[in-house]
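Trainee: Before we look at the model together, could you take me through the reasoning behind the terms we use for it? I would like to set each value against its cut-off.

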Amino acid sequence: MAEKHLLLGDEALALGALHAGLSGVYAYPGTPSTEITEFIQNHPLTRERNIHCDWSSNEKTAMEAALGVSYCGKRALVCMKHVGMNVCADGFMGAAMTGANGGLVVTACDDPSMHSSQNEQDSRFYADFAMIPCFEPSSQQETYAMVRHAFDFSEQYKIPVLMRLTTRMAHSRAVVETGGLRDQNGLSFPENPRQWVLLPVNAKVRNEALIADHARFAETAEASPFNRLADGPDKSLGIIACGIAYNYLMENFPDGCPYPVLKVSQYPFPAGLARRLAAQCRTLLVLEEGQPLVETRLKGVFDSGITIKGRLDGTLPRAGELTPDCVRAALGLPDLPQHEASQVTVPRPPALCQGCGHRDFYTALNQVLKDYPTARVFSDIGCYTLGWLAPFHAFHTCVEMGASVTMSTGAAHSGVWPSVAVIGDSTFTHSGMTGLLDAVNSNADITLCISDNLTTGMTGGQDSAGTGRLESICLGLGVAPEHLRTIVPLPKNYPDMEKTIREEIEYHGVSVIICRRECIQTARRHAAKKQ
């Protein structure tokens, strides 16, 4: 029996996956994707069906574990934010070559406008690169229906499917009507096991098949219920609206759009539908969240004489999120009346929590480094990244997950001293461990500071893969026991902290300092549960 729920886009996707017969979700937390896995973890169906829902160490391990589930004939969901696609790319591209057995859906939540990210890359390019289908829902209801369809599609065509959400879709709510519950798949193995062994002799055959399949995927996109061409009386303009941009368009025309509209939510891009639109309208406006992927590809779809407007010609902003307002401006509609900004609302830039252990660590580190004017500090991705802001200004670089360790190693090889790396416990197990192994193997003159708050703090306090194991991991990677130190970042411990940091900087080799104190947010939650 159908039920109605008020759901985030993330939650609609999670519930759709559960109802589609999911056997496992594999993910690393990252905004705006985190709520997908958390919803599955907290849903009673997960316990009832023994659905795997533990966090993975990183996106690559998540992708590979899910591929193993698919190999065994069951349905798996992989979740990450857009930059996580870079981490899992090796497994993702390999999965396109092996194909799928059980349904395999990879969900990437993109972050245009970079609300909590270091770039605004568009994950649709990954699907295009890998020659696999991509689904991009335009509403929460469509998200629920689409992920169920995506699992069926994956099994029908024996191919992984990418689902792309963006921040506003992931984190806005709407009423969703749900459908029936599908049983989980039983164990079954691929009919053609040869294609799962990517030796060149097999991969060459599989590559030819994938190219042929890509043409079939294009045909299904032309006939997809998620792509549709709607007529309109005013042929002076045709509109191509992709994903959530379709919602922004229709918000400006509550009584119906007067222009012909091609709604696109399934890729490969339906070029045939676009040609039908262009046969009616000589000017096309492309509305797409993220990069101008469709707009660029349209240049080769039509004969000359078609004017294409969008992000590339300045009709829409080249960077950042789309909004109903910028879409309205692109349509040439008058501005809506604006309310005056509140006079009492003031900006609230992000900052480290009062009482956070990262604050005490940065205070001690800065005090020591006053005596080392040539010091360079390489940091990483996490809530401790806020230490770049006032009053700490504690480091010089932050690029991507794990780069602190390897960049400090490269700097040390180049003659920089002291070369200090700062990384969080979750980021260390995500992608810092291999960098530490490189440092040990080259005996790099670095001091690695692992700021261990016993959780994945930046994304809301999920479990950290290395909790209780960091010392063992570092020793196993070859760090000398006498240069593996632990400090407790508290104001009363500043003298001891500074002494330890100074001693390890003065040691010319690899040293590791673990700065351990539980995140105050998770500590409060744990204390409340004990009451």
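Mentor: Keep in mind that this is a predicted model. Let us begin with the rings, since a search of the whole structure finds 13 aromatic pairs.

Trainee: What makes the pair of Phe-253 and Tyr-259 edge-to-face?

Mentor: The ring centres of Phe-253 and Tyr-259 are 6.2 Å apart and the angle between the planes is 80°; a pair requires centres within 6.5 Å, and planes over 60 degrees apart count as edge-to-face, so this pair meets both conditions.

Trainee: Why are Phe-253 and Tyr-259 called buried?

Mentor: Buried means under 20% relative accessible area. Phe-253 has a value of 11% and Tyr-259 one of 14%, so both residues count as buried.

Trainee: Why is the pair of Tyr-362 and Phe-392 called tilted?

Mentor: Their ring centres lie 6.1 Å apart with the planes at 45°, and because planes under 30 degrees apart count as stacked and those over 60 as edge-to-face, with the rest tilted, this pair is tilted. Tyr-362 belongs to helix H15 (residues 357-369), whereas Phe-392 is in the loop between strand S14 (376-378) and helix H16 (403-413), so the pair, whose members are 30 residues apart, links distant parts of the chain. With relative accessible areas of 0% for Tyr-362 and 12% for Phe-392, both are buried. Elsewhere, ring pairs join Phe-135, Phe-153, Tyr-157, Phe-217 and Phe-226 into a cluster.

Trainee: How do you know that Arg-164 and Asp-122 meet in a salt bridge?

Mentor: The N to O distance between their side chains is 3.4 Å, and the cut-off for a salt bridge is 4 Å, so the pair qualifies. Arg-164 lies in strand S6 (residues 161-166) and Asp-122 in the loop between S4 and helix H7 (124-130), so the bridge ties together parts that are 42 residues apart in sequence. Arg-164, at 1% relative accessible area, is buried, and Asp-122, at 4%, is buried too. These two residues also belong to a network of salt bridges that includes Asp-110, Arg-124, Glu-136 and Glu-288.

Trainee: What makes Arg-502 and Asp-371 a salt bridge, and why is Arg-502 called partly exposed?

Mentor: The closest N and O atoms of Arg-502 and Asp-371 are 3.0 Å apart, which is within the 4 Å cut-off. The pair links distant parts of the chain, 131 residues apart, with Arg-502 in helix H19 (residues 494-506) and Asp-371 in the loop between H15 and S14. At 30% relative accessibility, Arg-502 falls between the buried limit of 20% and the exposed limit of 50%, so it counts as partly exposed.

Trainee: What makes Tyr-71 part of a nonpolar patch on the surface?

Mentor: Patch residues need over 30% relative accessible area, and Tyr-71, in helix H4 (residues 59-71), has 31% and counts as partly exposed. Tyr-71 forms the patch with Leu-187 and Phe-189, and together they have about 330 Å² of accessible area.

Trainee: How do you know that Leu-77 belongs to the largest nonpolar core?

Mentor: That core has 109 residues, and Leu-77 is listed with Phe-92, Ile-240 and Leu-298 among those with the most contacts inside it. Helix H8 (residues 140-157) gives the largest share of this core, seven residues. Beyond its sequence neighbours within four places, Leu-77 is in contact with residues including Leu-13, Ile-36, Ile-40, Val-105 and Phe-151.

Notes: Residues are numbered from 1 along each chain as its sequence is written. This is a predicted model: local features need pLDDT of at least 70, side-chain atom pairs count only at pLDDT 80 or more; totals for chains, interfaces and linings use all residues. Side-chain values use heavy atoms; hydrogens and water are left out. Patches are made of residues with over 30% relative accessible area and no salt bridge: like charges are joined within 9 Å, nonpolar side chains (Val, Leu, Ile, Met, Phe, Trp, Tyr) within 5 Å. Accessible areas come from the Shrake-Rupley method with a 1.4 Å probe; for residues, only the protein chains shown count as cover. Helices (H or I, at least four residues) and strands (E, at least two) are DSSP runs, numbered from the N terminus. Buried means under 20% relative accessible area, exposed over 50%, partly exposed in between (1.4 Å probe, protein chains only). A nonpolar core is a set of buried Ala, Val, Leu, Ile, Met, Phe, Trp, Tyr and Cys residues joined through side-chain atoms within 4.5 Å. Contact means heavy atoms within 4.5 Å. Rings of Phe, Tyr and Trp (its six-membered ring) pair if their centres lie within 6.5 Å; planes under 30 degrees apart count as stacked, over 60 as edge-to-face and the rest as tilted.
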